[in-house]
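I opened this entry to record what I looked up, one charged pair at a time, before turning to the strands.

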Amino acid sequence: MNNAALYSQRPRDEFEILREKMVAYLREHYGIKDERVLEAMQKVPREKFVPEALKSQAYKDNALPIAANQTISQPFIVAKMTELLELSYDAFESPGSFVGRPKSRSRVLEVGTGSGYQAAILAHLTRMVYSIERIPQLAHEARKRLESLGIRNVVIKCSDGSLGWEIQAPFDAIIVTAASPKIPTPLLSQLKIGGRLVIPVGEDRNCQRLIRITKKESGFSVEDFGACSFVPLIGEHGWKQVQ
Ligand code: SAH
């Protein structure tokens, strides 16, 4: 028996099959087109990012609760926001780095590490991910989780991400995975020209708009990608209180 035959007979764990179904659904039902994003979603074991008791639900088409009253976003939202960052449009490094596929040279900032799942997806697509989480327990657990998966190009810090990460700026792309009543101005100033900021924005705690802002030579372009619902961004340039 040759290697290919052996490989095809390798028993596949149930999660790998669920992951394939999730990716097919993202492509066919939700119209996610960026193959690199879909490839990353096929690679990252989402079941490792949800609480033990919810493992069997890891691939459902919805958000799930994680520790500290927070959530891991629905797979579609993760895919959509990642696609909107347009990392595939940036310059790519030569093949051979990290997961075999060439990766974008972009430096990406994520605000709201949560479980670390979104950061893991970004880590497969780009050179360096800077991620900020305000809750120490979540930052600590996400660090451990990414380390155990061998993901080394994500740096997590615990602080108020609505202020951005000045010392690491400017960024090619910024993703905010918590909802803000308005766009935090420090994030705009920490974007490169041509850089994209993807963020849920709205005064309503339960329903926001998914917005993409692109920084131009002069000014910004703003696009609206529809309704969404995120936990609040708590900080100086977000909501002032938890509730
Ligand atoms: N991206 C996450 C989901 C995040 S849920 C994942 O893939 O699992 C939103 C997260 O934003 C929560 O963990 C919440 O604690 C965090 N958050 C809220 N306000 C924040 C702030 N000002 N700075 C950093 N993180 C914040």
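Is Asp172 buried or exposed, and what is its relative accessible area? I looked this up with the caution due to a predicted model, and I found Asp172 to be buried, because its relative accessible area of 12% falls under the 20% limit for that class.

I then looked for the partner of Asp172 and found a salt bridge with Lys192, in which the closest N and O atoms are 3.1 Å apart. Asp172 lies in strand β6 (residues 171–176) and Lys192 in strand β7 (residues 191–201), so I noted that the pair ties together parts that are 20 residues apart in sequence. For Lys192 I wrote down a relative accessible area of 31%, which means that this residue counts as partly exposed, whereas Asp172 is buried.

Next I checked Arg212, whose side chain meets that of Glu86 in a salt bridge at 3.3 Å, N to O. This pair links distant parts of the chain, since Arg212 is in strand β8 (residues 208–215) and Glu86 in the loop between α4 (75–84) and β3 (104–111), 126 residues apart. I read Arg212 as buried, with a relative accessible area of 8%, and Glu86 as partly exposed, at 22% relative accessibility. I also followed the shared partners and noted that salt bridges join Glu86, Arg212 and Glu223 into one network.

For a pair within a helix I turned to Lys43, which forms a salt bridge with Glu39, the closest N and O atoms being 3.8 Å apart. Both Lys43 and Glu39 lie in helix α3 (residues 35–43), where four residues, about one turn of the helix, separate them. I entered Lys43 as partly exposed at 35% relative accessibility, and Glu39 likewise as partly exposed, at 28%.

How many salt bridges does a search of the whole structure find? I recorded eight, among them the pair of Asp172 and Lys192 and the pair of Arg212 and Glu86.

Finally I looked at how strand β4 (residues 126–133) pairs with strand β5 (residues 154–158), and I noted that the two run parallel and are joined by five bridges. Within this pairing I found Tyr130 opposite Val155, the latter in β5. I then traced the connection and noted that β4, helix α6 (residues 136–148) and β5 make a β-α-β unit, which I entered as right-handed.

Terms used: Residues are numbered from 1 along each chain as its sequence is written. This is a predicted model: local features need pLDDT of at least 70, side-chain atom pairs count only at pLDDT 80 or more; totals for chains, interfaces and linings use all residues. Side-chain values use heavy atoms; hydrogens and water are left out. Two strands pair if DSSP finds at least two bridges between them. A crossover is right-handed if, with the strands pointing away from the viewer, the path from the first strand over the helix to the second runs clockwise. A salt bridge is a side-chain nitrogen of Lys or Arg within 4 Å of a carboxyl oxygen of Asp or Glu. Buried means under 20% relative accessible area, exposed over 50%, partly exposed in between (1.4 Å probe, protein chains only).
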